[in-house]
Amino acid sequence: MSADAPTPAAATGAAPPVSSIREAYAFCRRITHKHGANFSVGFRFLPDRKRNAVYAAYASSRWADDIADDPGENAPARLDAWEQELEACYAGRPGHPITVALADSLQHFPIPKTAFAALITGCRQDLVKSRYADVAELMQYCDYVATSISDISLAIFGYRTPMATTYGRSLATALQLTNITRDIGDDLRRDRIYLPREDLDRFAVTEQDLFDRVHSERMLALIEFEANRALEHFRAALPLLDEITPDSRFPVLMMGSIYSEVLRKVLRDPFAALHRRVALSFPRKVFVVLRGLARPRFS
């Protein structure tokens, strides 16, 4: 799973004790601001209750994600333990700062437990699977690690009609495919290749070409293809902005706008994704957000 740098606390399962729900939310907020730089600013514009719930949900997801990205020898056991902690949370017996906050949020929002279970399934898959044969396999993975996040987010944000879940799935898939495309080089360092084998074959690119960071016309075409696939999902997700309740639209717009701009940066220099994580400067993020407010679009 493509993610920012793992947190040592999640890697070890350690967490500081908290004496109040307020402290629990503060713990979740710190995790979100540290590792969710591309969208945590948008969260600050949510109403207090929704903002706190998003912090708790993000931290819950991030905790599992970090175990998968920095596995160590006992990662399966740690994921099992985290899943048991989430079960305890939904049963009203939280024992971790993150789940203390999440349990409080569950009193206000119908966040589905199945979504967290799907995410953990995706994290377990990352521990044992590092190659994908075709797009169908990759989309199943995206369902685990991305659609699950959409289901959690929509439960907090609120929406008008059931079509929001379809558009939310498109946006979540777009975000995940963006991570995969911009993080090709980072994932190679973990011996992970999320680009489907059928795509590599289509452009006559080998795994060794990827590991050698070969700059060729074939590699260029492959990376452009992956970026454009993600942009298609952003375009399919655009109606989501009209579905989301008004007080939650800004962070959704901000997420989609910034991530789609990352893809455009990849398209301007596709080979960069082989060597470093492609990211936007702070001034560019500000420009993208202001542009999105003037013309609400993801791509």
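**A tour starting at Arg49**

Select Arg49 to begin: beyond its neighbours within four places in sequence, Arg49 is in contact (heavy atoms within 4.5 Å) with His108 and Phe109. This is a predicted model, in which local features need pLDDT of at least 70, side-chain atom pairs count only at pLDDT 80 or more, and totals for chains, interfaces and linings use all residues. Residues are numbered from 1 along each chain as its sequence is written, and side-chain values use heavy atoms, with hydrogens and water left out.

Now show the side chains of Arg49 and His108, which are joined by a polar contact of 3.5 Å. Such a contact is a pair of N or O atoms within 3.5 Å; within protein, one must be able to donate a hydrogen and the other to accept it, and residues adjacent in sequence count only if both atoms are side-chain atoms.

Next, colour helix 4, residues 48-69, where Arg49 has its place. Helices here are DSSP runs of H or I with at least four residues, strands are E runs of at least two, and both are numbered from the N terminus.

Is Arg49 buried or exposed? Turn on a surface: Arg49 has 51% relative accessibility, so Arg49 counts as exposed. The cut-offs for relative accessible area are under 20% for buried and over 50% for exposed, with partly exposed in between (1.4 Å probe, protein chains only).

For a longer view, pick Ile180: its C-alpha atom lies 32 Å from that of Arg49, with the two positions 131 residues apart along the chain.

Finally, zoom out to the whole protein chain, which has 16 helices and 0 strands. Of its 299 residues, 54% count as buried.
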